[in-house]
Structure formats: C-alpha cells, structure tokens
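Me: Hi! Could you take a look at this one with me? I'd like to talk it through bit by bit.

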Amino acid sequence: MGKSRRKQKTIPPPQLPPDVPEEDIEFSDEDLKFVEENTDYARFVTRIDTGAINRQCSLKPKTVEDKYQEERSKKKAQQEGKGNNEIQVDPVDVLPVKTLDGKLHYRTVLKTSKLADGDTEELEKDAFEDENTLNKSQRRAKAKKSKKEAKKQEKEFPEEIVQEEETPQAAVLAEVKEELSAEETFENKKNKLAELGMQLLSDPEANIKSLKEMLEISKDENTKIVKLGLLSVLAVFKDIIPGYRIRLPTEKELEMKVSKEVKKTRFYESTLLKAYKAYLQKLVVLEKQSVYNQVATRCLCTLLDAVPHFNYRDNLLISVVRNISSPDEVVRRLCCSTIRSLFSNEGKHGGELTVQAVRLIADQVKSQNCQLHPNSIEVFMSIRFDEDIGKRDREDENKKYRKNNKRNKQEEQNQVQENERKKSKREMMSKIRDEVAADYKGVTYEPDAMERRKMQIETLSAVFETYFRILRNTMYSIGESTEADTATNPGAFGSHPLLAPCLDGLAKFTQQLDLDYIGDLMNYLKKLASSSSVSNNSKQKNSKLLTVSERLRCCLVAFKVMRSNLNALNVDLQDFFVQLYNLLLEYRPGRDSGEVLAESLKIMLCDDRHQDMQKTAAFVKRLATFALCFGCAESMSALVTVKNLLQRNVKCRNLLENDAGGGSVSGSIAVSDKYLLMI
Amino acid sequence: MRPLDENETTVVFEKLFKFIGNNLKNLVENPSHEGPDPESGRYCFRLQKNRVYYVSESLVKRATNIARKNLVSLGTCIGKYTHAGSFHLTIMSLNLLAANAKHKVWLKPTSEMSFLYGNHVLKGGLGRITDSIVPGDGVVVFSMTDVPLGFGIAAKSTQDCRKLDPNNIVVLHQADIGEYLRDEDEL
C-alpha cells in the first residue's frame with residue numbers, strides 16, 4: 001500500500017490499488033491476534049485524519065509546470081508585497097486571529113479587499129486608460145495571489161478544508177456561502193473576472209465560452225462589480241477582436257462539409273460576435289442610467305476608437321454621436337475626442353465612418369435647432385480634405401471628352417492599316433492588364449480614388465449644410481427678435497452657441513466652397529455683422545442679438561473668405577470696414593482676451609494691399625485714441641496696427657504734425673469720418 | 001437758359017440714379033458757399049443749348065444777366081441731349097459721380113491705358129470690384145490709386161464675374177478722361 005506524502009515532489013506516486021469497501025475486507029486470524037497483543041502501538045490508528053489522507057490522495061500529481069507557476073507566483077507576490085508595504089494597512093489586520101474553535105485565521109483576505117476597494121475608488125476618478133491598465137495588472141496580481149494562496153500555505157488549513165469540501169458535497173455549498181461575508185463575495189467575483197480574462201487573453205479560441213461567463217458576472221446587482229465587469233470585458237475585446245469584419249456563414253455554407261479547423265474558426269467567430277452584440281446592447285441600455293453613464297460611454301468610445309472596422313460600428317457611432325452634446329462634461333469630452341480621432345485616422349475605417357458621423361451630427365444640429373454645445377461642431381475642424389476634389393471632376397470630364405474624340409478619329413484612320421493579328425494581341429494585353437488591376441483592387445483595403453472622392457464630396461456637402469443651417473438660424477433669430485419685444489429664453493448653451501465654431505470652420509474650408517455660394521455667404525455675413533444691438537425698449541436686454549465679438553468674427557471670416565478666393569475675384573469690402581470702424585467704438589475692454597480684435601485688426605488693416613488714404617487716416621486716429629482706454633493686449637495690437645499703417649501710407653504721416661488745429665490733414669479726417677459713417 | 005421741365009428732370013435723375021443711387025439727395029441738397037451771400041444756397045440744374053448744367057443758385061442769378069446767345073457755359077456740364085432726344089452723361093460729370101458712386105471698379109495699372117483709349121474693361125484688367133453689382137448698373141472706374149478714370153455700364157454681376165474668363169468684358173465703356181484729348185472739339 002504505497003501512499004505518497006506531499007513532501008515527495010518529484011516522484012509521481014505509484015498507482016493506488018482499487019478501492020475496496022470496508023465490509024468486504026477480510027481480516028486474517030493472524031492479523032487480529034497481532035493487533036490484540038499490541039494495542040498500545042496501535043493507538044495511532046485512531047488518530048489518523050482520514051479526511052486529510054483522502055484529500056492528499058485525490059490531488060493531481062505535481063508536474064513541472066505547476067512547480068514553475070508556484071515559484072513565479074511566489075516571486076510576484078513578494079514584489080507585490082514590497083509594493084503593498086507602501087500602502088497603509090491597519091497593523092491589527094496583519095496579525096493572525098484565533099477563532100473560538102482554536103483555529104488560526106490569517107486576515108489576508110481583508111487586506112487585499114481593502115487594497116482593492118481603495119484602488120477602485122481612486123481609479124474611478126482617474127483618467128480613462130489608466131483605469132484599464134491598472135485594473136489589468138491589479139487583477140493579474142490578484143489572480144496569482146489567489147492561486148498561490150490556494151495551493152501553498154499550510155496554515156490556511158481551515159479555509160482550505162472548507163473550500164475542498166465544497167466540491168464533493170454540494171449541500172454544504174449553501175452554508176458556506178452564507179458564512180462568507182459580502183466583501184469576500186466581492187473579492188471572489190473580482191478574482192473570477194481576472195481569471196477568466198487571463199484565460200481569454202492567453203488562448204482566445206479555446207476559451208471563448210468564458211466570455212459568456214464574464215458577461216454573466218457583469219449582470220450582478222453590485223454597481224462596482226458591474227462597472228469592473230464592463231471594463232474588463234472591454235479590455236478583453238480590445239485585444240481579441242480580429243482585424244477583419246466577421247461575416248456569419250450563410251445557410252448554404254453551413255450545409256457544406258468543412259474541415260475541423262474551419263468549423264472551429266466558425267464557432268469561435270460566431271460566439272465572439274454573439275457575445276459582442278450582447279455586450280453592446282447592454283452598454284446601450286446602461287448608458288441611459290445615470291449611475292453607469294460615464295463608464296458605459298467610456299466603453300463605447302474606446303471600442304469605437306480601437307475597432308472601427310468591425311461589425312456593429314454603425315450602432316456604436318450612433319450612440320457616441322448622441323452624446324456629443326451632453327451637459328456632462330466628461331462624457332462630452334470623451335465623445336468629442338473619439339470622433340476627432342476617427343476623423344484624423346481615416347485609414348482604420350476607410351473613410352466611410354467619416355461620412356456617417358458628419359451626417360449624424362448634421363441631423364442632430366437640425367433636430368435640436370442649433371442649440372448644442374460648441375464642442376460638437378468644433379470636431380469638424382479635424383476633418384481633412386484632399387485639395388483637388390472639385391477640380392478633378394471637371395478635368396476628368398474634359399479629358400474623357402478629348403480622349404473619346406481622339407480615339408474615334410484615330411480608330412477611323414487606322415482601321416484600314418491595322419493588321420488583324422496586331423489588333424488581337426493588343427486586345428489580349430489590355431484584357432490581362434484589366435484583370436490584374438481588378439485582382440489588385442480586390443485585395444487592397446483602401447478605397448480607390450473615385451470612391452474616396454465621392455465620400456469626401458458627401459462629407460463636404462454635409463459639413464457645409466450644417467454651417468449654412470447655423471447661419472440661417474442665427475439670421476432668423478435676429479430677425480424675429482427685432483419684431484417681438486418679449487425676450488425668449490435662450491437655450492442652455494446661450495443664444496448662438498454654434499456661431500463661433502461655425503465661422504471658424506467656414507474660414508478653414510472656404511477653399512472647398514463653390515464659387516456660386518460665396519456671394520450668398522458674403523451677403524449673410526454682411527447682414528450678420530451689421531445687426532446692431534440697439535433695441536427700442538432699452539430696459540429689456542435682448543440677448544438674441546449678436547455680441548460685439550461675434551460681429552467682429554463675421555468681419556474676420558469675410559476677409560478670410562475673400563483672401564482665399566483671390567484668384568476668382570478681388571471684392572471690395574467697404575462695408576466690413578465701416579462695421580469695424582463702428583465696432584471699435586462699442587468694444588468694451590476685458591471681454592475675451594483680445595484675440596479676436598487683434599486678429600481682425602491684423603487681417604483687415606495690416607494685410608490689406610489697397611491703400612485708401614482717407615480710410616487709413618480715420619482708422620489711425622481712432623485706434624490711437626482707443627489705445628488709451630483698451631486693456632493691455634488690445635492696446636498693444638492697436639498700436640502695432642497704427643505703426644504698420646503709418647509705415648505704409650506715406651501721406652498719413654502728416655497726421656503726426658504737431659500744429660495746433662491738426663495741421664494740413666484735419667480737414668480730410670473730418671471728411672473721412674463722415675465718409676465711413678455714411679452707410 | 002431755362003430750368004428743366006418735368007420730363008427732362010426725370011430723365012436726368014434716372015441716369016444719375018444708375019450711378020449714384022440714393023446719394024442723389026446729397027447732390028441736390030449740397031450746400032454751396034459760392035457767392036457773396038451769407039446763407040448757403042443750393043445747386044440746381046439748368047438747360048442751355050441742349051446741354052444740362054449743374055450750377056449753384058447764386059451763380060444762376062448772376063448768369064441771368066447774360067444774353068442767351070452770348071452764354072457759353074456755366075457751372076459744370078453734366079450731359080447733353082442728342083438730336084434724337086435722348087440724354088447722355090458726358091465725361092465732365094465725372095467729379096460729381098466719383099464722389100457719390102455706389103458701384104466702383106478699380107483697374108490694374110497695366111490695363112489703365114487700354115481703358116483710356118476707349119476700350120471696354122476686361123476681367124483680366126480688374127483689380128477690385130465692389131459687391132452687389134447687377135448687370136446694367138452704372139459703374140465708376142478708378143485706378144488703383146483712387147484716381148477716377150471714367151465710367152461705364154456693368155455687363156455682368158459680381159457673382160458672375162468670379163467665373164469669367166480673363167478676356168470677357170466686365171464693364172462697357174461710356175466715358176473716360178482720355179476724351180479730353182481725343183474729342184476736344186465736341187465737348
């Protein structure tokens with residue numbers, strides 16, 4: 001009867017003899033006699049712990065891998081232990097506790113749970129990616145720790161016995177569960193999540209079912225568990241999801257006989273897809289509840305960012321765009337940065353998502369009647385367009401025309417001369433070339449030039465549609481308010497929140513705008529810039545009219561538009577100069593930090609190539625006067641502009657004469673004042 | 001010399017309106033400081049030998065002392081009636097028009113001479129142009145240094161101008177200051 005002890009690690013135990021029930025065992029007479037003679041020596045039999053022996057016999061033999069893992073986990077635990085020493089732990093908890101039964105109970109469970117609690121609280125406040133990585137390493141450490149604890153420490157006898165007795169006896173399971181406190185269940189669930197995650201990451205194909213278990217865990221009631229579950233599933237998905245779009249096999253394909261490999265892959269793919277779908281649905285549902293709002297949004301955004309080529313990306317995009325204007329700042333920031341990265345990394349999704357995202361945003365602007373947070377339109381600034389979208393169209397058409405004409409003529413001329421053989425050879429060559437091109441196209445993932453251009457044209461039209469809608473909305477709201485005296489309540493974001501980013505975007509994208517619309521655009525800008533804030537009823541502050549900085553921006557954008565379209569036509573912008581002249585009067589120092597004023601002065605006055613002496617003189621005089629009462633930044637910009645104007649306009653230097661009464665130029669200034677205020 | 005009657009006044013004002021638009025009232029109500037009177041008089045229009053003159057009232061009073069056949073010209077001549085009975089603005093009204101013009105066009109230095117010889121303005125010669133020009137509007141032509149060179153009728157709107165070929169006509173020539181040399185006898 002060879003029974004192996006635990007201490008013999010290297011030698012696997014010999015096979016046990018078959019189990020014989022006690023009644024069948026026959027004792028020989030000699031044996032009985034021997035025992036009766038030596039009862040003293042036989043007392044050890046009563047003291048044998050049959051339970052322990054049974055347990056040790058049923059243990060699996062220790063292989064080399066197990067030993068290696070134990071050593072590794074030991075090392076890691078040691079390192080963690082060193083790190084853990086920095087964290088404050090209550091010294092009472094470090095000492096072992098003796099329960100009433102006389103059993104020693106080491107309080108390591110509480111320690112790690114405290115650590116975990118502290119960490120999760122911190123992490124939930126921290127930045128986004130850190131939480132994932134911290135969680136991962138933390139979970140990994142916990143997983144190793146739990147493995148080590150389960151296997152090595154002999155002093156953890158009572159707990160181990162309890163755990164070991166679970167498996168054979170399901171009846172005791174319920175009792176044991178009640179005994180474990182709530183913290184321990186929390187701990188257990190976290191460990192379980194960590195284990196499943198590790199399994200999945202190490203070998204996704206084999207362990208794909210654990211994904212479902214992870215999802216089950218995240219359906220718990222405890223909010224922290226749900227959040228941790230969602231985040232860990234997110235981390236797993238980020239790593240597992242393949243670089244291609246999964247297409248489920250059709251019925252025909254399912255009926256076909258396939259090899260084992262293919263069956264395995266199909267099963268893996270379909271399970272992955274189902275789990276992903278369930279996860280997404282859960283996220284969408286949870287996002288509506290305020291408790292999970294941030295976490296769910298974070299998961300959605302990370303997924304969209306990481307795998308924009310995968311299935312269900314449309315649904316992801318819809319939910320992300322829906323939150324692009326939420327009042328919660330964290331959520332909004334997340335969504336905006338995701339969409340911005342989508343626009344800049346077009347390679348990942350081949351440009352289709354750009355079009356969709358832009359269209360969704362445009363629809364949202366329309367439905368909300370332009371009452372959104374400005375961030376939602378600022379994302380448009382990250383879109384990049386090819387420079388020659390519009391031009392290529394016309395060139396292509398011309399080329400096609402010319403080519404066709406030439407070809408027809410040539411063919412008619414050469415038909416008589418050509419040999420039959422040469423013709424067929426040429427046709428074969430062209431056929432081969434076409435086939436090669438088609439094959440190449442099928443393999444590459446990039447959309448070819450035509451498709452890309454089409455998509456960019458759609459995007460562009462959606463962007464401009466949004467901008468023009470915002471402009472028109474602003475116009476209407478101004479027009480209405482001058483008629484009705486009742487001040488309607490502005491939305492949560494102010495009366496014209498989207499106007500500023502809209503104007504910036506227009507200034508950036510004017511090159512792509514068709515010449516037809518520039519005239520309309522200039523008209524609108526003129527009207528917007530000249531809308532004054534003088535209302536009949538001076539008591540009511542009509543907040544719907546444009547502020548000074550908005551009007552300044554309109555003038556600025558008009559100039560930028562004109563400058564970028566110089567090759568088309570150089571339009572005189574006298575009206576905008578008049579507006580600027582009046583706006584300088586109304587400018588109260590200390591509104592924004594003066595950037596808008598500085599930029600408008602620079603672009604309108606300093607860069608202007610047309611030198612009108614009267615106008616320049618009038619501006620010099622007004623700017624010099626206001627430099628005395630503006631704030632620091634604005635007066636600096638005013639003085640720089642004055643210097644610039646005086647340097648360029650020789651005649652204006654007469655203004656610097658010191659004669660009393662203004663010298664030779666005073667008359668002209670009076671005229672220019674009148675001239676600029678004429679309209 | 002006689003003042004203009006109803007029809008003639010309407011015709012003259014219509015022509016002027018094409019060029020200066022609503023600033024017409026400036027033209028009519030301009031206070032004049034000529035003459036020894038302490039109060040400022042106004043400007044008015046008078047017809048003499050098929051030519052329309054823009055004169056201050058004080059000058060008109062004194063001009064009545066001269067016999068009709070001896071009176072050659074008074075004030076500023078702004079235009080004349082043809083044999084057929086239609087009214088044309090002449091180059092001598094340029095100062096008035098330039099001061100109150102609504103629609104302006106600036107020429108590049110290279111194409112100034114071409115305009116001064118009596119040619120139309122091509123798009124390639126355009127330096128700048130005011131917005132909101134409608135075909136058929138009166139346009140005053142300036143050089144880049146803001147010297148008025150003449151006037152004409154717009155052939156295209158500003159919007160259409162953007163898309164034109166550089167050799168298309170933008171402004172049809174009506175009068176330019178080169179006529180002082182070319183048509184000395186007729187003025």
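Reply: Happy to. Chain A has an accessible surface of about 42700 Å², and carbon and sulfur atoms account for 52% of that. Keep in mind that this is a predicted model.

Me: And what does the secondary structure of chain A come to?
Reply: Chain A has 30 helices and three strands.

Me: How much of chain A is buried?
Reply: Of its 679 residues, 35% are buried. If you take the contacts in chain A between residues at least 6 apart in sequence, 76% of them link residues at least 24 apart.

Me: OK, over to chain B. Which helices and strands does chain B have, by count?
Reply: Chain B has seven helices and 11 strands. Its buried residues make up 45% of the 187 in the chain.

Me: What about contacts along the sequence in chain B?
Reply: Looking at contacts between residues at least 6 apart, 57% join residues at least 24 apart. As for surface, chain B exposes about 9900 Å², with 52% coming from carbon and sulfur atoms.

Me: Now the interface. How many residues does each chain put into the contact?
Reply: Chain A gives 15 residues and chain B gives 15 residues.

Me: And what area is buried between chain B and chain A?
Reply: About 1500 Å², and carbon and sulfur atoms give 48% of it. On the chain B side, the residues that lose the most area to chain A are B:Arg128, B:Asp131 and B:Arg162, which together make up 44% of what that side buries.

Me: Why quote an area at all?
Reply: The accessible area lost when the parts come together is often used to give the size of an interface.

Me: Fair enough. How many salt bridges are there between chain B and chain A?
Reply: The count is one. It pairs the side chains of A:Lys526 and B:Asp131, at 4.0 Å from N to O.

Me: And how many residue pairs are in polar contact across the interface?
Reply: Zero, counting pairs with both residues at pLDDT 80 or more.

Me: Which elements of chain B give two or more residues to the side that touches chain A?
Reply: Those are β8 (126-130) and α6 (158-161) of chain B. β8(B) gives the most, with five residues.

Me: Last one: what is that side of chain B made of, by class?
Reply: The side of chain B touching chain A has six charged, five nonpolar and four polar residues.

Methods
Residues are numbered from 1 along each chain as its sequence is written. Chains are lettered from A and ligands numbered from 1 in the order in which they are written. This is a predicted model: local features need pLDDT of at least 70, side-chain atom pairs count only at pLDDT 80 or more; totals for chains, interfaces and linings use all residues. Side-chain values use heavy atoms; hydrogens and water are left out. Helices (H or I, at least four residues) and strands (E, at least two) are DSSP runs, numbered from the N terminus. Buried means under 20% relative accessible area, exposed over 50%, partly exposed in between (1.4 Å probe, protein chains only). Contact means heavy atoms within 4.5 Å. Accessible areas come from the Shrake-Rupley method with a 1.4 Å probe; for residues, only the protein chains shown count as cover. Buried area is the accessible area (1.4 Å probe) that two parts lose on being put together, summed over both. A polar contact is a pair of N or O atoms within 3.5 Å; within protein, one must be able to donate a hydrogen and the other to accept it, and residues adjacent in sequence count only if both atoms are side-chain atoms. Ala, Val, Leu, Ile, Met, Phe, Trp, Tyr, Cys and Pro count as nonpolar, Asp, Glu, Lys and Arg as charged, and the others, Gly among them, as polar.
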